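Work through the exercises below with the structure open beside you. Try each task before you read its solution.

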Amino acid sequence: MSQIQNVSRRRFLKGVFGTGALILAVRYVPPVLAQGQPDDSRTDADRSILHPDAFVGIQQNGTVYIVAHRSEMGTVIRTSLPLVLADELDADWKRVKIDQAIGDKRYGDQNTDGSHSIRSFFDTMRVCGAAARSMLIQAAAAQWNVSSSECSTELHTVVHKASGRRLGYGDLAAAAAHLSVPKKEQLQLKKPSDWRYIAKGMASVDLEELCTGKAMYGMDARMDNMVYASIEHPPVFGGKIKSLDDQEALKVAGVHQTVSIDPFKPPAAFQPLGGVAVIADNTWAAFQGRKKLKITWDNGPNESYGSAEYKKELRETAHKPGKLIRSVGDSDKPFPTTNVYEADYYVPLLAHAPMEPLVALAEFKDGRVTAWAPTQNPQAVQAIVSSELGIPIADVICHVTLLGGGFGRKSKPDYVAEAAVLSKKLGRPVKVVWTREDDIKFDYYNAVAAMYLKAAVDEKGRPTAWLQRSVFPPITSIFDVKAVYGDSPHLAQGWTDLPYDLPTIRIENGPAQAHVRIGWLRSVANIYHAFAVQCFTDELAHRANRDPVEYLLDLLGPSRTLDFTHVQYPNYGADYKTYPWETGRLRKVIEMVADKSSWATKKSVKGHGFGFAAHRSFLTYVATVVEVEVSDDGEIRISRVDTALDAGLVVNPEVTRAQFEGAAVFGTSIVRTGEITAKSGVIEQSNFNDYPVARINEAPIQTNVYITESSAPSAGVGEPGVPPFVAAFCNAIFAATGKRVRDLPLSSNSDFG
Amino acid sequence: MVKLKVNGIDRAFDGDPNMPLLWYVRDVLGLTGTKFGCGMALCGACTVHKNGKAIRSCITPMSAAAGSEIRTIEDLGANGLHPVQKAWMEINVPQCGYCQSGQIMQAVSFLGTTPHPSDQQIDDAMAGNICRCGTYQRIRRAIKLAAGKIA
């Protein structure tokens with residue numbers, strides 16, 4: 001039996017064993033310690049006899065531990081990144097064990113959002129794998145008294161071909177541990193033609209556990225002596241408790257007590273919202289106790305927030321000159337007055353609604369916090385818990401469970417901070433469980449946005465002048481209450497980078513005050529920006545009586561690299577030389593999807609339409625064709641989706657296809673029913689009855705995904721599928737009905753709802 | 001006192017008879033494979049079998065489970081994976097996986113009564129189970145694959 005190396009971990013495991021769920025704990029049972037004091041920040045990789053760096057360790061029995069430092073929420077990143085390391089190490093995947101990292105800055109960035117895990121860590125994984133492999137080769141060469149250059153590796157084995165001698169990695173681990181870790185420059189990386197796993201892919205290491213109920217999510221974490229908490233938050237953002245009567249709540253069987261949580265000090269950032277926590281023996285008792293609370297609230301200034309009025313406000317702002325973001329040609333001169341088309345587009349607030357509501361388990365003990373959380377960003381957990389409790393970051397241990405969906409919501413650790421704050425007050429482990437209603441009502445919503453577009457066209461319908469203006473409360477408002485303009489990283493998401501080759505372009509942004517927490521959601525600002533640009537482009541194509549694919553290719557112009565020299569264009573945080581915006585790559589995926597969907601032979605008729613859109617986001621180029629059937633009573637069926645993508649080198653193709661299939665479903669929810677509204681500052685939706693998401697009978701029946709074979713640097717795959725799908729779906733609805741979708745969602749659009 | 005069988009084991013529960021079965025299996029028995037998603041029978045993440053038929057445990061009070069045989073995902077593959085689980089793995093259905101216990105329990109129950117389902121029947125039977133990751137087309141394929149193997 002393995003030794004267990006520290007109190008908090010032991011108690012956690014005991015809790016799991018105590019429930020009879022032995023297998024759930026296996027992932028967290030450490031092997032025999034090499035030596036030294038217990039330390040719960042160490043991984044199995046660290047404890048291995050050969051551990052050249054934080055990401056890999058090799059045991060004498062040949063087991064290879066690879067650290068997954070990114071969070072698993074369904075993108076299979078817990079498999080795909082370690083797979084890259086295993087490939088460079090020439091390791092046998094069957095002998096690899098994945099070690100989920102806690103939050104620790106030694107791993108670099110751990111915020112699993114922005115579709116950049118592969119992009120940011122592909123090279124790191126390769127170098128770590130190659131370094132370990134090089135050390136194993138050196139160790140074997142020394143033992144055989146031959147030169148390292150005469151040795152090579154086969155699966156999990158070092159080979160000296162000339163003599164036919166072979167040694168397994170486990171046999172070499174101890175000797176290799178005495179060698180110094182080679183520098184990056186000294187390493188020889190594999191040729192792509194020698195890759196075993198990269199670009200071929202591998203199924204999720206968690207697959208069987210996911211299909212047998214054994215996978216451990218945040219919702220499933222337990223500790224001995226823990227209590228459950230359910231929190232009544234202020235119904236209006238920024239509200240405070242005026243009075244509390246908890247007498248009836250305390251009478252509920254299983255309820256221990258109530259605890260007030262202080263309201264946040266603006267800006268809200270990731271602080272707890274405040275409210276009243278009901279502490280109980282089990283989740284159900286905590287929920288029941290909450291229903292009996294009598295609280296009066298001081299709602300504060302956001303009480304005046306109503307979505308209907310706010311929509312009008314945004315639209316008015318969008319019709320006034322805004323802040324100039326980018327100008328091409330002489331866009332200061334008066335806009336032409338003939339052959340001018342204009343349109344308004346609108347996308348409401350959107351909630352993430354991951355299947356696992358927010359949940360976190362935390363224990364404050366002896367000045368330290370140990371948390372188990374389904375978080376996309378364990379280092380942000382450390383930071384907020386540290387500041388809320390006034391303890392050093394190093395004293396916050398954040399274990400990362402599997403996530404039952406994330407979509408960006410679980411990058412914001414307010415719910416983990418709640419558990420830590422409560423545990424400190426109660427002196428025992430606390431599991432905070434949000435209801436679905438809490439999840440819908442207290443989200444960091446994707447921004448509500450109004451877009452106004454205007455084009456003057458020539459006799460062929462090609463724009464000679466183009467104006468686009470967007471207005472939305474920015475994400476930066478959660479960090480700076482005065483922020484009202486879009487920040488450059490989010491304007492760059494499909495707005496600043498309009499790729500059209502037109503003589504005059506003017507891109508603007510107007511101000512909007514936030515009245516709820518705004519946050520990033522899968523695809524973020526690309527959702528509303530691509531919707532507006534790609535639907536408006538489709539409108540212009542139809543008005544000109546031109547084919548939408550041919551028309552978009554015309555507007556894109558010749559293949560070239562876009563020049564953003566005098567424009568703020570953060571490019572998703574990537575170096576522009578490595579990841580330039582190349583219109584030729586967008587053209588290629590457009591041509592690919594047109595070919596694969598037989599676009600040229602498809603003709604839309606009443607009740608049966610084909611829509612098209614293309615967009616670059618998260619450095620990936622995507623073109624999508626959507627086929628819809630619309631019945632006489634307006635029922636819409638998405639019979640087929642074709643989507644072509646160029647994401648550079650794709651490490652795990654099957655997983656990538658699944659991400660784009662899922663993106664089409666996510667986009668379906670946005671178009672059909674995605675809408676959060678507020679009245680008197682209170683969010684009106686609460687659960688899947690009034691915030692419906694797509695079900696099996698509403699989702700696309702078949703999504704076909706075509707991946708461009710490429711050796712270009714890897715780009716994102718989790719998010720880029722959503723924006724072009726949303727626009728293409730709306731364009732297909734127009735093709736089938738003759739009615740334009742300019743206000744999302746369909747369910748509250750009087751032309752469709 | 002509510003008496004019932006869970007995964008073949010006799011159990012007795014003397015707590016609040018209004019407590020949903022979901023929280024009994026999760027918080028009391030520690031069988032966490034069954035998931036909480038909505039609490040209103042809107043999403044299907046909590047699906048278990050009661051006397052062989054799929055039910056939503058989040059709205060089933062303990063009093064209504066009295067005398068019944070409850071089966072959860074933990075028991076489904078206890079003696080080797082069920083053909084539906086095998087199909088799920090073969091098609092790589094799960095993404096985050098959180099809804100999949102419920103999807104699988106629903107599919108097993110459905111195939112029990114409809115061994116050769118049409119697409120329409122699959123959609124009708126599975127429309128109560130939400131997957132936010134959007135694995136629906138793979139669920140449809142996996143059900144057909146499993147149907148072929150069970151039949």
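**Exercise 1: The two domains of chain B**

The centres of domain 1 of chain B and domain 2 of chain B, taken over C-alpha atoms, are 21 Å apart. The model is predicted.

Task: Find the bounds of these two domains, then describe the contact from the side of domain 1 of chain B.

Solution.
- Step 1. Set the bounds. Chain B is divided into domain 1 (2-75) and domain 2 (83-150).
- Step 2. Count the residues. Domain 1 of chain B gives 15 residues to the contact, and domain 2 of chain B gives 12 residues.
- Step 3. Name the elements. On the side of domain 1 of chain B that touches domain 2 of chain B, β3 (47-50) and β4 (53-56) of chain B each supply at least two residues. The largest share of that side, 3 residues, comes from β3(B).
- Step 4. Sort by class. That side of domain 1 of chain B has 6 nonpolar, 7 polar and 2 charged residues.

**Exercise 2: The contact between the chains**

Task: State how many residues of chain A and chain B are in contact, and say which element of chain A gives the most.

Solution.
- Step 1. Count both sides. In chain A, 48 residues are in contact with 44 residues of chain B.
- Step 2. List the elements on the side of chain A. Those that give two or more residues are α7 (207-212), α9 (283-291) and α18 (653-672) of chain A.
- Step 3. Pick the leader. α18(A) gives the most, with 7 residues.
- Step 4. Sort by class. The side of chain A that touches chain B has 24 nonpolar, 16 polar and 8 charged residues.

**Exercise 3: A helix of chain B**

Task: Decide how far helix α1 of chain B is enclosed, and name what its buried residues pack against.

Solution.
- Step 1. Count the buried residues. In helix α1 (residues 21-28) of chain B, 7 of the 8 residues are buried, so the helix is largely enclosed by the rest of the structure.
- Step 2. Name them. They are B:Leu21, B:Leu22, B:Trp23, B:Tyr24, B:Val25, B:Arg26 and B:Asp27.
- Step 3. Find the partners. From chain A, α9 packs against the buried residues of α1(B). From chain B, β1 (2-6), β2 (9-13), α2 (62-65) and β5 (69-71) do so.
- Step 4. Look just past the helix. There B:Gly30 takes a positive phi of about 75 degrees.

**Exercise 4: A sheet and its helix in chain A**

Task: Give the strand order of the open sheet of 4 strands in chain A, then find the helix that packs on it.

Solution.
- Step 1. Read the order. It is β22-β23-β24-β27 of chain A, with mixed pairing.
- Step 2. Find the edges. β22 (608-617) and β27 (703-707) of chain A each pair on one side only.
- Step 3. Check the turn. On average, neighbouring strands are turned by 15 degrees against each other, direction ignored.
- Step 4. Examine one pair. Strand β24 (residues 636-646) of chain A and β27(A) run parallel, joined by 5 bridges. A:Thr643 has A:Val705 in β27(A) as its bridge partner.
- Step 5. Add the helix. Helix α17 (residues 583-596) of chain A packs on the sheet and touches β22, β23 (620-630), β24 and β27 of chain A. The direction of α17(A) makes about 140 degrees with that of β24(A).

**Exercise 5: Two helices side by side**

Task: Work out how α16 of chain A is oriented against α17(A), and which residues meet.

Solution.
- Step 1. Take the axes. Those of helix α16 (residues 548-556) of chain A and α17(A) come within 10 Å and cross at roughly 170 degrees.
- Step 2. Apply the cut-off. Angles over 145 degrees count as roughly antiparallel, so α16(A) is roughly antiparallel to α17(A).
- Step 3. List the residues. A:Val549, A:Leu552, A:Leu553 and A:Leu556 in α16(A) meet A:Thr583, A:Leu586, A:Arg587, A:Ile590 and A:Ala594 in α17(A).
- Step 4. Sort by class. The contact has 7 nonpolar, 1 polar and 1 charged residues.

**Exercise 6: Two positive phi values**

Task: Are A:Leu619 and B:Asn7 buried, exposed or partly exposed?

Solution.
- Step 1. Place A:Leu619. This residue is in the loop between β22 and β23 of chain A, and its phi is near 75 degrees.
- Step 2. Judge A:Leu619. With 25 other C-beta atoms within 10 Å, A:Leu619 is buried.
- Step 3. Place B:Asn7. This residue is in the loop between β1 and β2 of chain B, with a positive phi of about 55 degrees.
- Step 4. Judge B:Asn7. With 19 other C-beta atoms within 10 Å, B:Asn7 is partly exposed.

Methods:
Residues numbered from 1 in each chain as written. Chains lettered and ligands numbered in written order. Predicted model: local features only at pLDDT ≥ 70, side-chain atom pairs only at ≥ 80, totals over all residues. Contact = placed C-beta atoms within 7 Å. Nonpolar A, V, L, I, M, F, W, Y, C, P; charged D, E, K, R; others polar. Buried ≥ 20, exposed ≤ 12 C-beta atoms within 10 Å, placed from the backbone. Pairing = 2+ DSSP bridges. Axes fitted to C-alpha atoms, helices over the stretch in contact; angles between N-to-C directions. Domains from an automatic or database assignment. Parallel < 35°, antiparallel > 145°, perpendicular 65-115°, else oblique.
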